[in-house]
Amino acid sequence: MKIGIDRIGLYSPHYYVALADVAAARNVDPNKYIIGIGQTEQAVPPSAEDVVTMGASAANEFIGDIDTSKIGLLVLGTETGIDASKSGAVVIQRLLQLPMGMRTFEIKQACYGGTAGLMAARDYVAAHPDKTALVIAADIARYGLASGGEVTQGAGAVAMLVSANPRIMTIEDDSVFISKDISDFWRPVYTDLALAKGKYSTEQYIEFFQTVWARYQQDTGRTLADFAAANFHLPYTKMGMKALKTALPAASAAVQERLLARYHESTIYSRRIGNIYTGSLYLALLSLLENTSALKAGDRLGMFSYGSGAVGEFYSGVLQPGYTDLLAAAKHVQELDARTELTVPEYEAMFNNKVPYAADDYATDPKAVVGAFRLEGVVKQERQYRRNDK
Ligand code: COA
């Protein structure tokens, strides 16, 4: 039985800052950010947006088109959850007015949470082929103003419906994965800012890729020549390239050229949105599908997922007939183009205006959100969400 991604939706905040401006403010050569790291713009979320509102907005792109009574599982993969106990998935269920008869929970393993959700969904559909699963990968990447990781911040969500006989891409039963307890990136519960050993994390990402890719080749007998494209988890767009380049020398010049061209297309959205942690690999997939005419049904795509701490997984997907009919390239580009650009002081003010890590009541700016849902604020330590009537 084929199982995989039947629908895919995207949401990212309406505000962004240009990294050339951030570079100027931090006294850094802009080419370090734009060429060296590979980021041009960065989404900036107002405090009225979090993983719940962004995740619900991403799913809202297709929720009206699907039979919601068939959803048996709703998983939120995130490392920027809104509560240490209650899952954001339950709130998303209510905001999307989904039926009660489903399992809802949140998964955390750094940037691997989206893939963990997708694989749980795949197993669920294998056991219940008449049901579907909604997987949402949503995150806000925050390292701090003027920090080393500032250039790799971002915010957004990708929502995917997993079903039997999927219309976009299968998730093949060929996954290879490893886990190892390391400290390359983490976020203690008392802070909303991530900590990272940048160089070490980069090395580990590459090492995990090389390990799972070598095992994948052994297990399946496939080589790079079997892939029309390879998508990578993208904390910044240069990162996946560093891993891909370690595998390329084994391929012919034509295969190398093909994979490099597709890689470039897979990074177009990330360059403008930035790091969305759990959703980054799926943002790369969406960017590739919506920005190339070089793929066709039957093509096999590689998918490398990495979540610090750390888990690495490589699997493949096969594009399905008519998959382009279910994409929304023009809408996504229009939404990115329509965003409001912030000056660096405006970005810094938005960054610092956040829901407090304290018991205080808090109100968000009602005008700040263009998505379908917003956080109104916090009253007596309960977050208040609503549909955004603008
Ligand atoms: N023009 C062009 N390129 C330039 C440049 C310039 N003026 N100045 C620097 N660069 C290049 C460097 O050569 C380097 O390229 P390379 O990685 O191909 O060698 C790149 O820009 C980054 O420079 P570097 O000095 O290594 O940056 P940094 O010490 O500020 O670290 C990160 C960059 C990404 C590691 C850092 O931002 C970070 O810690 N990010 C968070 C951690 C993270 O995302 N880890 C991955 C998790 S999966």
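I shall describe three parts of this model: a helix, a pair of crossing helices and one asparagine.

The model is predicted, so local features need pLDDT of at least 70 and side-chain atom pairs count only at pLDDT 80 or more, while totals for chains, interfaces and linings use all residues. Residues are numbered from 1 along each chain as its sequence is written, and side-chain values use heavy atoms, with hydrogens and water left out.

I begin with helix α3, residues 51-63; helices here are DSSP runs of H or I of at least four residues, and strands are runs of E of at least two, numbered from the N terminus. Its 13 residues reach 17 Å from first C-alpha to last, close to the 18 Å expected, that is, 1.5 Å times one less than the number of residues. Of these 13 residues, 11 are buried, meaning under 20% relative accessible area with a 1.4 Å probe, protein chains only. Among them are V51, M54, F62 and I63. At the N-terminal end, D50 caps α3, with a side-chain oxygen 2.9 Å from the backbone nitrogen of V52.

Next, the axes of α8 (253-266) and α10 (280-290), lines fitted to C-alpha atoms over the stretch in contact, come within 7 Å and cross at roughly 110 degrees, on a scale from 0 to 180 degrees between N-to-C directions. The two helices are therefore roughly perpendicular, a class covering 65 to 115 degrees. R262, E265 and S266 in α8 meet A284, S287 and L288 in α10, with heavy atoms within 4.5 Å.

Finally, N388 lies in the segment after β18 (382-387). N388 is buried, at 7% relative accessible area. Its side chain reaches the backbone oxygen of G371 at 3.0 Å.

Methods:
Buried means under 20% relative accessible area, exposed over 50%, partly exposed in between (1.4 Å probe, protein chains only). A polar contact is a pair of N or O atoms within 3.5 Å; within protein, one must be able to donate a hydrogen and the other to accept it, and residues adjacent in sequence count only if both atoms are side-chain atoms. Angles under 35 degrees count as roughly parallel, over 145 as roughly antiparallel, 65 to 115 as roughly perpendicular and the rest as oblique.
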